[in-house]
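Colleague: I am new to this structure and would like a close look at one part of it. Please start from a single buried spot, and then walk me outward from there.

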Amino acid sequence: MSLPSSPNQNHLLAALPTAEFERLAAHLELVPMALGEMLYEPGGQLQHAYFPTTAIVSLHYVMESGASAESAGVGNEGVVGISLFMGGDTTPSSAVVQTAGHAYRLESQLLMREFNRAGLLQRLLLRYTQALITQMTQAAVCNRHHSVEQQLCRWLLSTLDRIPSGELVMTQELIANLLGVRREGITEAAGKLQQAGFIRYRRGHIAVLERDGLETCVCECYAVVRKELSRLLSDVQYRQGISSVVQLRPTGLPRKLPA
């Protein structure tokens, strides 16, 4: 049974002092997010910021040819819509729901009113933005230099960090689009992970059976992003329910997948 929705399920909202949170609380609107829902399109004016609780949103760019790749994912650790408070108002990328769930929506002018108070919300959002930039930078390096198997492990682990269960509703074709690789490459990589006993895959569903196994196969990029997020928000005090944004675990030695 799923837990009742609460703004405290989002790490940024849970980190706000009571006075700052109460100024926003009455304006936070819980909204369902369906798989594939477009939150904003390239060049569109952003009207809301979204604080995911159980949903995961993919920030990605679609080229004229139709090819696409994800630059970052946003889950319960962050916010969708950094262009609002960074001063750009629009962005050339898209924001699409990657994992169905819920988020709290806040109108842009209300977010900016609180941001301009220069309190903790401003500092949290700016620190989170730095962590998001790190994620984007690392994704670009990873996609250029690491194998499809390593990229898939990175993506699986990052997704697991943002959901309560070990099962993902996701097709191989969608994962391939997010990583910017051929579907055949994902099929081969997922087959190796399944043969190793790390995951179980059936059409549209991926169950992670051995997280430690994925951690022994993943590239360094996964730990870099987690470490930076942890560093930037290490001094945050939460009102309730969350002990830390990330719980870093040591990864094992690299393990070779079945040939």
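Modeller: Happy to. First a term: a residue is called buried when its relative accessible area is under 20%, exposed when it is over 50%, and partly exposed in between, using a 1.4 Å probe and protein chains only. What you see is a predicted model, in which local features need a pLDDT of at least 70 and side-chain atom pairs count only at pLDDT 80 or more, while totals for chains, interfaces and linings use all residues. Residues are numbered from 1 along each chain as its sequence is written, and side-chain values use heavy atoms, with hydrogens and water left out.

Our spot is Val96. Its relative accessible area is 14%, so Val96 counts as buried. Val96 sits in strand β6 (residues 94-99); helices (H or I, at least four residues) and strands (E, at least two) are DSSP runs, numbered from the N terminus. Contact here means heavy atoms within 4.5 Å. With neighbours within four places in sequence set aside, Val96 contacts Gly36, Glu37, Met38, Ile56, Val57, Ser58 and His60. Tyr40 is 56 residues from Val96 along the chain, yet their C-alpha atoms are separated by 7.5 Å.

Ser58, one of those contacts, leads us to the next piece. Strand β4 (residues 56-62) pairs with β5 in the antiparallel sense over 6 bridges, where pairing requires at least two DSSP bridges between two strands. Opposite Ser58, in β5, stands Gly73. The two strands β4 and β5 make a hairpin with 5 residues between them, and Gly66 in its turn has a positive phi of about 100°. Strand β5 (residues 68-74) is largely enclosed by the rest of the structure, because 5 of its 7 residues are buried.

Just past β5, in the loop that runs on to α3 (82-86), is Asn76. Asn76 has a relative accessible area of 14%, which means that it is buried too. Beyond four places in sequence, Asn76 touches Gln9, Asn10, His11, Pro52, Thr53, Asp161 and Arg162.

Now for the interior. A nonpolar core is a set of buried Ala, Val, Leu, Ile, Met, Phe, Trp, Tyr and Cys residues joined through side-chain atoms within 4.5 Å. The largest one has 46 residues, and Leu59, Val79, Val80 and Leu111 have the most contacts inside it. Helix α5 (residues 120-145) gives the most to this core, with 6 residues. Leu111 is in contact with Ala49, Phe51, Leu84, Phe85, Leu106, Leu121 and Leu125, leaving aside neighbours within four places in sequence. A second, separate core has 26 residues, including Ile163, Leu168, Met170 and Leu193.

Helix α5 is worth a pause. Ala118 lies in the loop between α4 (108-115) and α5. Most residues other than glycine have a negative phi. Ala118, however, has a positive phi, near 60°. With a relative accessible area of 43%, Ala118 counts as partly exposed. Within α5 itself you will find Arg127, which is partly exposed at 30% relative accessibility. Arg127 touches Leu232, Leu233 and Asp235, not counting residues up to four places away in sequence. Leu229, 102 residues from Arg127 in sequence, is 8.5 Å from it in space, C-alpha to C-alpha.

Next comes helix α6 (residues 148-160). The expected span of a helix is 1.5 Å times one less than its number of residues; for the 13 residues of α6 that gives 18 Å, and its end C-alpha atoms are 18 Å apart, which agrees. Helix α6 is mostly covered, with 10 of its 13 residues buried, among them Trp155 and Leu156.

You may wonder about the cysteines. A disulfide is counted when two cysteine sulfur atoms lie within 2.5 Å, and by this rule there are 0 disulfides. Cys142 is in none, with the nearest cysteine sulfur, that of Cys219, 3.6 Å away. The sulfur of Cys221 is unbonded because the closest cysteine sulfur, in Cys219, is 3.9 Å away, too far for a bond. Cys142 is buried at 0% relative accessibility, and Cys221 is buried at 1%.

Finally, a word on confidence. pLDDT is the predictor's confidence in each residue, from 0 to 100. The chain averages 86, and 91% of the residues score at least 70. Over residues 243-254 pLDDT stays under 50, a stretch to read with that in mind.
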